[in-house]
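Thanks for sharing this one with me. Below are some friendly notes, in numbered points, to read with the structure open beside you.

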Amino acid sequence: MNKELKFEKDIEINEYSLGTDWNNQPILFMSYSRVLADTILKRDKKKIEIDVYRAELDLKIRDNPERHGLSKITESAVTSSIAIEPKYQSLIEELLSLNHEVKILEGAIKAFEHRKKALECKVQLFISGYNATPKEHTEEESRLATKELRKRISDEKKVSRTNKR
């Protein structure tokens, strides 16, 4: 896998730099998407390489079965001879590794989709003042608020009396 990608670090959200994380989200998503696409391309090329090698080996075995330890050509014998060929086994191992990388990168892409949603939620919490510290009112502010509240109650009573008449 590409050593430049630092998945665990890239997926983190810094609550104190949400703007930066928002700006980096599409860039990171695209970076991981490109690496995934490149890895899928490598995997598909490896599949073709295996198919070609298998076909070439199949022809060689059928042309000279004795050279491969076969006295008689059967599908099963040819398939078994191909499967024990060291280069073929090596190619299969490479394919398995590429499949593993693809699965990890697909998981990373999914994690970045979740990261986007988490960023949306954290921004909403920030906007709503979720982490805000309670504000203490001064004595003057409390007195003014009480005066304003009394005035509103008095005004409502006057309106109520006027409507009853």
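1. Let me start with a small one: in which helix does S81 lie? S81 belongs to helix α3. Please keep in mind throughout that we are looking at a predicted model.

2. Is S81 buried or exposed? Its relative accessibility is 11%, under the 20% limit, so S81 counts as buried. Once the neighbours within four places in sequence are set aside, the residues in contact with S81 are I61, H68 and L70.

3. I61 and L70 turn up again in the largest nonpolar core, which has eleven residues. The other members are I50, Y53, L57, A77, V78, I82, Y88, L91 and L95. Three helices, α2 (18–63), α3 (75–83) and α4 (86–127), each supply at least two residues of this core. The biggest share comes from α2, with four residues. As general background, nonpolar side chains in soluble globular proteins tend to be buried together.

4. I50 is a nice place to look within that core. Which residues does I50 touch, leaving aside its neighbours within four places in sequence? The contacts of I50 are Y88, L91, I92 and L95. Apart from this core lies another one, of ten residues, including L28, L36, L105 and I109.

5. Now for the packing of α2 and α3. Their axes are 10 Å apart and the angle is about 125 degrees. Because that angle falls between 115 and 145 degrees, α2 is oblique to α3. The crossing of these two helices is right-handed.

6. Which residues make the contact of α2 with α3? From α2 come R54, L57, D58, I61 and R62, while α3 brings E75, V78, T79, S81 and I82. Sorted by class, the contact has four nonpolar, two polar and four charged residues. S81, where these notes began, is thus one of the α3 residues in this contact, and L57, I61, V78 and I82 are also members of the largest nonpolar core.

7. Finally, have a look at K72, which sits in the loop between α2 and α3. Is K72 buried or exposed? With a relative accessible area of 60%, over the 50% limit, K72 counts as exposed. K72 and K45 are 27 residues apart along the chain, and their C-alpha atoms are separated by 33 Å.

Technical notes: Residues numbered from 1 in each chain as written. Predicted model: local features only at pLDDT ≥ 70, side-chain atom pairs only at ≥ 80, totals over all residues. Heavy atoms only, no water. Core = buried A, V, L, I, M, F, W, Y, C linked by side-chain atoms within 4.5 Å. Buried < 20%, exposed > 50% of the residue type's maximum accessible area, 1.4 Å probe, protein only. Contact = heavy atoms within 4.5 Å. Axes fitted to C-alpha atoms, helices over the stretch in contact; angles between N-to-C directions. Parallel < 35°, antiparallel > 145°, perpendicular 65-115°, else oblique. Left-handed = near helix turned anticlockwise from the far one by under 90°. Nonpolar A, V, L, I, M, F, W, Y, C, P; charged D, E, K, R; others polar.
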